[in-house]
Amino acid sequence: MSNPPVSPSAAPPASHRYLPLLLVLFVGSGCAALIYEIVWFEMLQLSVGSSAVSLGVLLGTFMGGMCVGSLALSRVVARGHHPLKVYAALELGVGAFGLLALVLLPLAGSVYLSIAGHGMPGFLLRGVVAAICLLPPTFAMGATLPAIARWVETTRRGVSWLGFFYGGNTAGAVVGCLVTGFYLLRVYNVQTATFVAVALNILVASIAFSLSRVTPASADGAESKTESAEAPAGTGFVYTAIAISGMTALGAEVVWTRLFTLLLGGTTYTFSIILAVFLIGIGLGSSVGSYAARQLVRPRLALGLVQLLLMAAIAWTAWQVTSELPYWPTNPELTSRPWFQFQIDFVRCAWAILPAACLWGASFPLALASVASPGQDAGRMVGRVYASNTVGAIVGALFMSLVSIAWVGTQQSQRILIVLSAVGAA
């Protein structure tokens with residue numbers, strides 16, 4: 001099932017030297033995206049109500065919009081456009097819609113409350129309208145990685161850089177999550193946090209547009225092809241495996257958040273720590289997987305081995321959360337400042353969750369390497385892998401939160417995750 005070996009291709013130094021700068025741009029883009037996500041969650045609680053429903057509306061819209069955007073870019077935008085200009089336009093679009101959300105989301109609560117009235121009809125209608133308001137910016141966010149993917153070739157070197165971009169985007173998301181949750185919304189308000197995110201979008205777009213004026217449309221200096229090469233045989237197995245990987249990742253996050261609330265308390269503080277640890281692990285794993293993708297001859301075998309290791313990692317976390325961490329000698333009353341307790345809680349979360357999160361992060365660049373072949377439309381290739389992973393994540397989050405935990409409990413749910421990882425490996 002291994003795809004044919006792809007010979008590495010070195011990019012000319014004149015263009016290749018800008019790839020690290022693009023990595024920095026993706027850090028800024030990821031930071032802005034997480035600022036928006038947390039701000040929108042705060043606003044949805046005011047316009048829609050019920051934190052559980054608000055979180056459902058946000059996650060469904062955020063991930064669904066990114067999935068559609070990643071798939072649609074290759075169909076909507078022709079390959080003749082300079083990828084950096086497309087990326088800059090998408091970032092400006094995210095910023096513009098982010099500003100509009102400050103006005104539109106409160107209207108979703110006030111206008112439609114008067115139309116539909118109280119009760120479940122008005123509640124659901126406000127949720128639908130709020131989701132529609134958030135679809136355009138999330139659509140643009142999802143299209144950014146496929147857009148910039150067209151600037152690199154689908155060789156081992158190019159695919160590894162795509163993995164680094166994904167990891168950089170995740171690293172920026174960690175910063176955005178922590179800065180927004182623990183500083184911007186505590187010291188300032190949603191308007192200030194939104195303005196910070198918009199400023200990041202404008203800065204990233206300006207740099208990308210400037211780069212487009214001094215670089216060719218491809219980092220390898222090759223002209224864009226009008227015909228795409230055939231994808232390697234058996235790519236359907238790879239799409240299925242990365243979808244299952246996304247399913248287990250978000251499903252596990254739901255289960256482990258529930259378990260850690262019993263250990264650390266059911267607060268936004270706990271959710272922020274768990275989310276930050278997940279994102280750090282995904283970023284680290286993606287970086288290692290990206291480097292490995294450049295060296296491996298059989299990336300599909302490596303992808304399968306990672307899914308096998310996930311079985312052990314999920315079991316490790318389940319054992320730590322239920323049998324080990326509750327007995328760590330930690331007493332909150334002994335700490336003089338909240339900062340010390342944050343360090344202890346962060347270490348406990350990282351000790352249990354980080355191994356699995358790193359493996360999920362490594363799965364994405366290995367999946368890209370498994371379906372890549374020279375001459376492909378990189379935007380379409382990345383969009384399909386990204387969409388498969390996102391669809392699996394949506395299914396996993398909904399299934400675990402609405403069905404599995406209520407039906408069989410957290411212990412059996414974690415066993416289901418282990419079985420799914422085995423299926424993904426197979």
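**View 1. Leu 279 and the residues it touches.** Setting aside residues up to four places away in sequence, Leu 279 touches Thr 170, Ala 173 and Val 174. This is a predicted model, so bear that in mind as you look around. Leu 279 sits in helix α9, which covers residues 268-295. Is Leu 279 buried or exposed? With a relative accessible area of 14%, Leu 279 is buried, because anything under 20% gets that label. Now look at one of its contacts, Ala 173: along the sequence, Leu 279 and Ala 173 are 106 residues apart, yet in space their C-alpha atoms are 7.1 Å apart.

**View 2. The whole protein, one helix after another.** Let's step back for a moment. The protein has 12 helices and zero strands. Read from the N terminus on, the elements go α-α-α-α-α-α-α-α-α-α-α-α. Of its 426 residues, 54% count as buried. The accessible surface adds up to about 18200 Å², and carbon and sulfur atoms own 69% of that. How do the contacts spread along the sequence? If you take the contacts between residues at least 6 apart in sequence, 87% of them join residues at least 24 apart.

**View 3. Helix α8 alongside helix α10.** Two packed helices are described by the angle between their axes and the distance between the axes. Here the pair is α8 (residues 235-264) and α10 (residues 299-324), with axes that come within 12 Å and cross at roughly 10°. That angle makes α8 roughly parallel to α10, since angles under 35 degrees count that way. The crossing in which α8 passes α10 is left-handed. Which residues meet here? On the α8 side you'll find, among them, Thr 235, Val 238, Trp 256 and Phe 260, and the α10 side brings residues including Arg 300, Leu 303, Ile 314 and Val 321.

**View 4. Helix α10 against helix α12.** Stay with α10 and turn to another partner, α12. The axes of α10 and α12 come within 7 Å and cross at roughly 170°. So α10 is roughly antiparallel to α12, because angles over 145 degrees count as such. Among the α10 residues in this meeting are Gly 304, Leu 308, Met 311, Ala 315 and Ala 318. From α12 come residues including Gln 414, Leu 417, Ile 418, Ala 422 and Ala 425. Two α10 residues you may want to pick out are Gln 307 and Ile 314: they meet residues of α12 in this view, and they are also listed among the α10 residues that meet α8.

**View 5. Helix α8 crossing helix α12, with Gly 246.** How do α8 and α12 cross? Their axes come within 4 Å, at an angle of roughly 45°. That makes α8 oblique to α12, and α8 passes α12 in a right-handed crossing. Zoom in on Gly 246, a residue of helix α8. At 4% relative accessibility, Gly 246 counts as buried. Leaving out residues up to four places away in sequence, Gly 246 touches Asn 389, Gly 392 and Ala 393. Another residue to find is Ile 394: it is 148 residues from Gly 246 along the chain, and the two C-alpha atoms are separated by 8.1 Å.

**View 6. Two residues of helix α12, Thr 390 and Arg 380.** Helix α12 spans residues 378-425, and Thr 390 is found in it. Thr 390 is buried, at 7% relative accessible area. Which residues does Thr 390 touch, not counting residues up to four places away in sequence? They are Met 63 and Cys 67. Arg 380 also lies in helix α12. At 31% relative accessibility, Arg 380 counts as partly exposed, because that value falls between the 20% and 50% cut-offs. Arg 380 and Ser 74 are 306 residues apart in sequence, but their C-alpha atoms are 5.2 Å apart in space.

**View 7. Cysteines without a disulfide.** How many disulfides does the structure hold? The count is zero. Two cysteines to look up are Cys 31 and Cys 349. Cys 31 has 13% relative accessibility and counts as buried. Cys 349 is at 0% relative accessibility and counts as buried too. Both labels follow because the cut-off for buried is under 20%.

Notes:
Residues are numbered from 1 along each chain as its sequence is written. This is a predicted model: local features need pLDDT of at least 70, side-chain atom pairs count only at pLDDT 80 or more; totals for chains, interfaces and linings use all residues. Side-chain values use heavy atoms; hydrogens and water are left out. Buried means under 20% relative accessible area, exposed over 50%, partly exposed in between (1.4 Å probe, protein chains only). Contact means heavy atoms within 4.5 Å. A disulfide is a pair of cysteine sulfur atoms within 2.5 Å. Accessible areas come from the Shrake-Rupley method with a 1.4 Å probe; for residues, only the protein chains shown count as cover. Axes are lines fitted to C-alpha atoms, for helices over the stretch in contact, and angles run from 0 to 180 degrees between N-to-C directions. Angles under 35 degrees count as roughly parallel, over 145 as roughly antiparallel, 65 to 115 as roughly perpendicular and the rest as oblique. A crossing is left-handed if the near helix is turned anticlockwise from the far one by less than a right angle, and right-handed if clockwise.
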